[in-house]
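Open the model in your viewer and keep the selection panel at hand. The tour goes from one selection to the next and says what is found at each stop.

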Amino acid sequence: MARAIWTGVITFGLASVPVGLYTATEDHTVHFHQLQRGTADRIRNRRVNERTGKEVENKDIVKAFEAAEGEYVVIDPDELDEIAPGRSKAIEISDFVDLADMEPVYFARTYYVAPRGKEHLKVYELLRAALAEADKAGIATFVMRGRQYLTALRASDQVLVLQTLHWADEVRDPGKELPELPSGRAGRGKELDMALQLVDALSSEWEPARYHDTYQEKVRELVKAKAEGRDIALAEEAPEATNVVDLMDVLQHSLDQARSPGSGAAEQRKKQAAESPAQKSELRRMSKSELYQQASDQNVPGRSKMTRDQLIDALARAGRRGKKKAA
């Protein structure tokens with residue numbers, strides 16, 4: 001079982017709940033060692049004085065800020081500790097904002113939030129359910145490992161999730177950073193209509209397990225093949241850019257391909273369509289208040305803002321997810 005990397009309390013209004021933070025993701029990247037070519041000798045990185053070339057011990061290394069070229073202001077670790085906000089023990093929610101208003105570029109790292117003790121489950125679930133129904137995130141700051149973070153606390157199906165955010169001055173303006181951007185919006189026309197049809201034809205349920213890091217798989221295949229003295233197939237070249245003159249033909253061909261019976265998206269939509277008619281038929285016989293009550297029982301996020309048709313679709317999706325978990 002994982003260990004909490006931080007413990008403290010979440011406060012909202014006058015209510016508080018003791019929690020622990022747990023890392024939500026792990027790295028699956030293939031890591032390599034550095035060797036001197038033609039040998040099995042490992043290469044080690046050492047900290048050396050660039051003037052003398054001699055190695056320097058950690059105790060003799062200090063931090064410094066270059067105020068001007070060649071001029072440094074030395075800062076001791078004790079001085080940084082004196083001005084730091086200290087080891088925070090509280091995540092105090094100051095605002096609740098609509099999740100839809102938060103641009104993905106602000107999100108950094110994700111942590112699971114768990115209550116510390118069964119006696120705190122009720123308050124924990126109350127906050128999770130409120131965030132899920134309102135479709136909002138709680139904004140807060142806290143300190144961990146000597147660094148202050150801006151965070152968003154949001155509800156997942158069964159757990160609260162804390163996501164660290166980039167500060168506003170860390171997010172670059174695309175208008176200033178990118179060399180080329182469209183000068184206007186795409187107008188309504190045949191090309192946009194066909195692009196929308198292609199998006200619809202390729203639409204499916206979000207299933208993370210369907211996607212794989214094929215590059216890392218190829219790296220492992222390469223390592224195994226070289227160890228066994230075998231050759232490995234080379235990757236295909238990237239496709240050429242679409243010529244504007246051929247855009248309609250390319251879109252039409254893509255649409256035909258997406259709609260073909262053998263395509264992955266077509267097969268998944270066929271499967272989903274086969275599963276949902278009976279359930280949707282039953283849901284359509286219910287009133288909106290009955291649908292909303294069922295959505296509340298199943299903790300469907302954002303249900304308070306949904307129309308009757310949207311509630312039916314959301315409950316059908318929740319039913320499919322429930323079948324997958326049971327399987």
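Which residue in strand 9 does Leu150 stand opposite? Select Leu150 and look across to strand 9: the residue opposite is Leu165. Bear in mind throughout that this is a predicted model.

**Strands 7, 8 and 9**

Keep Leu150 selected and turn to its other neighbour. Leu150, in strand 8, is also the bridge partner of Thr141. Now widen the selection to residues 136-144, which are strand 7, and residues 147-155, which are strand 8. These two strands are antiparallel and pair over 7 bridges. They form a hairpin with 2 residues between them. Select Arg145 in that turn; its phi is positive, at about 55 degrees.

Add residues 160-165, strand 9, to the selection. Strand 9 runs antiparallel to strand 8, and 6 bridges join the two. Here too there is a hairpin, with 4 residues between strand 8 and strand 9. When colouring side chains by face, recall that in a regular strand they alternate between the two faces of the sheet.

**Salt bridges**

How many salt bridges does the structure hold? There are 5, and three stops follow.

Select Arg128 and Glu125. They form a salt bridge whose closest N and O atoms are 2.9 Å apart. Both residues lie in helix 2 (residues 121-134), 3 residues apart, about one turn of the helix. Show the surface at this point: Arg128 is buried, with a relative accessible area of 1%, whereas Glu125 is partly exposed at 31%.

Next, select Lys218 and Glu221, in helix 5 (residues 214-227). Their side chains meet in a salt bridge, N to O, at 3.9 Å. The two residues are 3 apart in the chain, about one helical turn. Lys218 is partly exposed, at 48% relative accessibility, and Glu221 is partly exposed as well, with a relative accessible area of 39%.

Move on to Arg230 and Glu228. Their side chains form a salt bridge with an N to O distance of 2.7 Å. Arg230 has a relative accessible area of 43% and is partly exposed; Glu228 is partly exposed with 46%.

**A negative patch**

For the last stop, which residues form a negative surface patch? Select Asp76, Asp78, Glu79, Asp81 and Glu82. Of these, Glu79 lies in helix 1 (residues 77-83). Glu79 is partly exposed, with a relative accessible area of 37%.

Note on methods: Residues numbered from 1 in each chain as written. Predicted model: local features only at pLDDT ≥ 70, side-chain atom pairs only at ≥ 80, totals over all residues. Heavy atoms only, no water. Salt bridge = Lys/Arg side-chain N within 4 Å of Asp/Glu carboxyl O. Buried < 20%, exposed > 50% of the residue type's maximum accessible area, 1.4 Å probe, protein only. Patch = residues over 30% accessible without salt bridge, like charges linked within 9 Å, V, L, I, M, F, W, Y side chains within 5 Å. Areas by Shrake-Rupley, 256 points an atom, 1.4 Å probe, with all protein chains shown as cover. Lys, Arg positive; Asp, Glu negative; His and termini not counted. Charge placed at Lys NZ, Arg CZ, Asp CG, Glu CD. Pairing = 2+ DSSP bridges.
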